Amino acid sequence: MTETNRKLLRFIDASPTAWHACANLVPRLQEAGYRELRETEGWELRLGGKYFIRRNGSSMIAFRVPEGKFPGFLMMAAHLDSPLFKLRGKPESPSAGVYTRLSVERYGSMLCAPWLDRPLSVAGRVTVREGGKLVTKLVNIERDLALIPNLAIHMDRTANDGKQYDIKVDMLPLFGSEKAAGRMEAIAAEAAGVGPEDLVSADLYLYPRTPGVCFGADEEYIAAPRLDDLQCAFGCFEGFLTAQPGGNAPLLCLFDNEEVGSTTKQGANSDFLADALRRICEALGRDFYRSVSSSFMVSADNAHAVHPNHPEYADSQDRPVINGGIVIKHHANQKYATDAVSEAVFAEICCRAGVPVQHYSNRADLLGGATLGNISTSHVSVDSVDIGLAQLAMHSCYETAGAADTDYLIRAARAYYESGFRRTAEGIEL
Ligand code: ZN
């Protein structure tokens, strides 16, 4: 396994929720000299400074201020959340007089079947009483805690003929015997280092415990939970962190809540990015509108690769392949923000960096998913391109992608941030 994939899979394994993904990146930023700014405080920025901001603990914006004059911001965005099952307020539900199950509801739209018959655990954030204050803490139980058992084929002979999953019946995980009633809150409290009486509230999620692997005749694939979109988040982050100074201010946004439409206070459809840009411009004495007009956005979210068993679902031309490099996404109705100008800019940067580029369009009669690009640019109007890495089984709890593609994204992100992007009356300089 390559060092990049080892690091990626370690990051994914340690990041069952967006809060954990966000928290796991903080030490890397701090080691590299980034200082955290708080939205509740005034910002004093200096030339050459490195900063990051978090909102809700689950979304993050990191940026560097160049030493000298710069036209605008080169931005990348990815998302940190994935479809999961959320534990309900009263998390336990008895069954058959001999079992305790966990009561769950859907976060995002997942494929249900892969969640069955595999070890699951619980992670998220809790609010506890500590020292007379309400304190928020992250918890990760990190042991095999629950499992959603299938019904045997003998009891449902039609199970292989197209199964409908009723979340409130089929997806409740087995958590223990009837004696386990009340144990979930106690386990969460213990993980937070408080007694159960001081656990006030919780946002807890089930997550699959299966670790990531490389597989294939030549180990050409990686499989792991949450590759959408932690693979892109990781690739953009590594490129951002290692880029040498270019002509603009590099900025990276990692958003929560893409899987539920982004309309939360910390999602891409919030004022988080616009507020941050306004405050950066204010602190540096810059004109916000001129800065934004001189900026560019790359939205990175994984894309559908042509499927080995079902190539008929792919477009006949724009069908990305795994390990084929950066996927540029196109959509006539602009669910993807790519247009001829933004495509040209990013494709040219990739070409100069020796990174292969391929193209994705939905099969013309299929509705695709939306992503971050057109949502965040509805708040900050900049030229934007939607890209991703090709993967299979999107929204399964164990997805498959390319072992070579993360390195392509790191190289493309680095080259983008290092570029001399500048608009002039005659055209765009890179
Ligand atoms: Zn995604």
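**Two domains and a zinc site**

**View 1. The two domains of the predicted model.** The centres of domain 1 and domain 2, taken over C-alpha atoms, are separated by 32 Å. Domain 1 comprises 3–82 + 225–429, while domain 2 comprises 84–208, with bounds that come from an automatic or database domain assignment. This is a predicted model, in which local features need pLDDT of at least 70 and side-chain atom pairs count only at pLDDT 80 or more, whereas totals for chains, interfaces and linings use all residues. Residues are numbered from 1 along each chain as its sequence is written, and side-chain values use heavy atoms, with hydrogens and water left out.

**View 2. The interface of domain 1 and domain 2.** About 1,600 Å² is buried between the two domains, and carbon and sulfur atoms give 64% of this area (buried area is the accessible area, with a 1.4 Å probe, that two parts lose on being put together, summed over both). Across this interface the rule finds zero salt bridges, a salt bridge being a side-chain nitrogen of Lys or Arg within 4 Å of a carboxyl oxygen of Asp or Glu.

**View 3. The zinc ion and its donors.** His 79 (NE2), Asp 228 (OD) and Asp 301 (OD), the last listed twice, coordinate the zinc ion at 2.0 to 2.7 Å; donors are N, O and S atoms within 2.8 Å of the metal (3.2 Å for Na, K and Ca), and water is not among the atoms, so sites may look incomplete. Along the chain, the donors follow the spacing H-x148-D-x72-D.
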